[in-house]
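Welcome to a short set of exercises with worked solutions. Have the model open beside you and try each task before reading on.

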Amino acid sequence: MCRSALNAVIRHDEAETRTAATAELQLERVCHQIGLVTNRARLRDVLEPIRALLDVDEVVLSLLTSDRVWVETVVTNGKDEDDRFLLADYPATAAVLKTGEAAQVLASDPDADRAEVHLLAEMGYRSLLMVPLLAGARSIGVLEACASAERPWSRTQIHSARILGYQLAHVLDRARLAGS
């Protein structure tokens, strides 16, 4: 039985993927979908499985402009908006891009970036997880996961978001989806 199950995983057997619903398998499926992205429509299609995997209300992908002064929304699973934010106005986002480290913003945290908290409130959210989109050694943007309930992010959600961010960064960098 164990050998059969292992062989099914190695073969990427469809029957195995239907019966198992582990977080690892869900992450694998989403990463596979990301690898198939060739345009903005396909990118938008992959945001729903990312949203479900991270258990959030909205996922936003934003890219840093070439002059590194602005962050522009590329795609979201929410309403379509071509938002553009001055990086200097959002220190938490700037820190994520500069350090390559993930960050969480919680509405009730007195030390949270007030600009981020205000924007979250305008959008109807109370929690934000940001991970950098790293293409090679370059931060090219941010994956943002937004939740209406205030809650700290789990280690699994943070690790999964980072893995997804690495995948998305290379797709965005390779395909130049920001302009397509």
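**Exercise 1. Classify Thr-65 as buried or exposed, then place it in the fold and list its contacts.**

Step 1. Thr-65 has a relative accessible area of 11%, so this residue is buried. The classes are buried for under 20% relative accessible area, exposed for over 50% and partly exposed in between, with a 1.4 Å probe and protein chains only.

Before step 2, a word on the material. This is a predicted model, in which local features need pLDDT of at least 70 and side-chain atom pairs count only at pLDDT 80 or more, while totals for chains, interfaces and linings use all residues. Residues are numbered from 1 along each chain as its sequence is written, and side-chain values use heavy atoms, with hydrogens and water left out.

Step 2. Thr-65 sits in the loop between β1 (58-64) and β2 (70-76). Helices (H or I, at least four residues) and strands (E, at least two) are DSSP runs, numbered from the N terminus.

Step 3. Leaving aside residues up to four places away in sequence, Thr-65 touches Trp-70, Glu-72 and Arg-84. Contact here means heavy atoms within 4.5 Å.

Step 4. Gly-141 is 76 residues from Thr-65 in sequence, yet the C-alpha to C-alpha distance is 8.6 Å.

**Exercise 2. Describe the make-up of the protein: how many helices and strands are there, and in what order do the elements run?**

Step 1. Count the elements: the protein has 7 helices and 6 strands.

Step 2. Read them from the N terminus, and the order is α-α-α-α-β-β-β-α-β-α-β-β-α.

Step 3. Add the totals. Of the 180 residues in the protein, 42% are buried. Among contacts with a separation of 6 or more, 53% are between residues 24 or more positions apart.

**Exercise 3. Work out how α3 and α4 are arranged relative to each other.**

Step 1. Choose the descriptors. Two packed helices are described by the angle between their axes and the distance between the axes.

Step 2. Helix α3 covers residues 23-35 and helix α4 covers residues 40-54; their axes come within 10 Å and cross at roughly 160°. The axes are lines fitted to C-alpha atoms, for helices over the stretch in contact, with angles from 0 to 180 degrees between N-to-C directions.

Step 3. α3 and α4 are therefore roughly antiparallel. The cut-offs are under 35 degrees for roughly parallel, over 145 for roughly antiparallel, 65 to 115 for roughly perpendicular, and oblique for the rest.

Step 4. The α3 and α4 crossing is left-handed, a term for a near helix turned anticlockwise from the far one by less than a right angle (right-handed if clockwise).

Step 5. Find the residues that meet: Ala-23, Gln-26, Leu-27, Val-30, Gln-33 and Ile-34 of α3 face Val-46, Pro-49, Ile-50 and Leu-53 of α4 in contact.

Step 6. Helix α4 also holds Asp-45, which is exposed at a relative accessible area of 53%. Asp-45 and Asn-77 are 32 residues apart in sequence, with 8.2 Å between their C-alpha atoms.

**Exercise 4. Find the aromatic pair and state which geometry it has.**

Step 1. The structure holds 1 aromatic pair. The rings of Phe-85 and Tyr-90 have centres 5.6 Å apart and planes at 85°, so they are edge-to-face. Rings of Phe, Tyr and Trp (its six-membered ring) pair if their centres lie within 6.5 Å; planes under 30 degrees apart are stacked, over 60 edge-to-face, and the rest tilted.

Step 2. Phe-85 is partly exposed at 21% relative accessible area, whereas Tyr-90 is buried at 16%.

Step 3. Follow Tyr-90 to Arg-114: their C-alpha atoms are separated by 8.5 Å, and the two are 24 residues apart along the chain. Arg-114 belongs to helix α6 (residues 114-123) and is partly exposed at 45% relative accessibility.

**Exercise 5. Which residues other than glycine have a positive phi here, and where are they?**

Step 1. Asp-55 is one of them, with phi near 55°. Asp-55 lies in the loop between α4 and β1 and is exposed, at 52% relative accessible area.

Step 2. Arg-68 also has a positive phi, near 60°. Arg-68 is in the loop between β1 and β2 and is partly exposed, at 46%.
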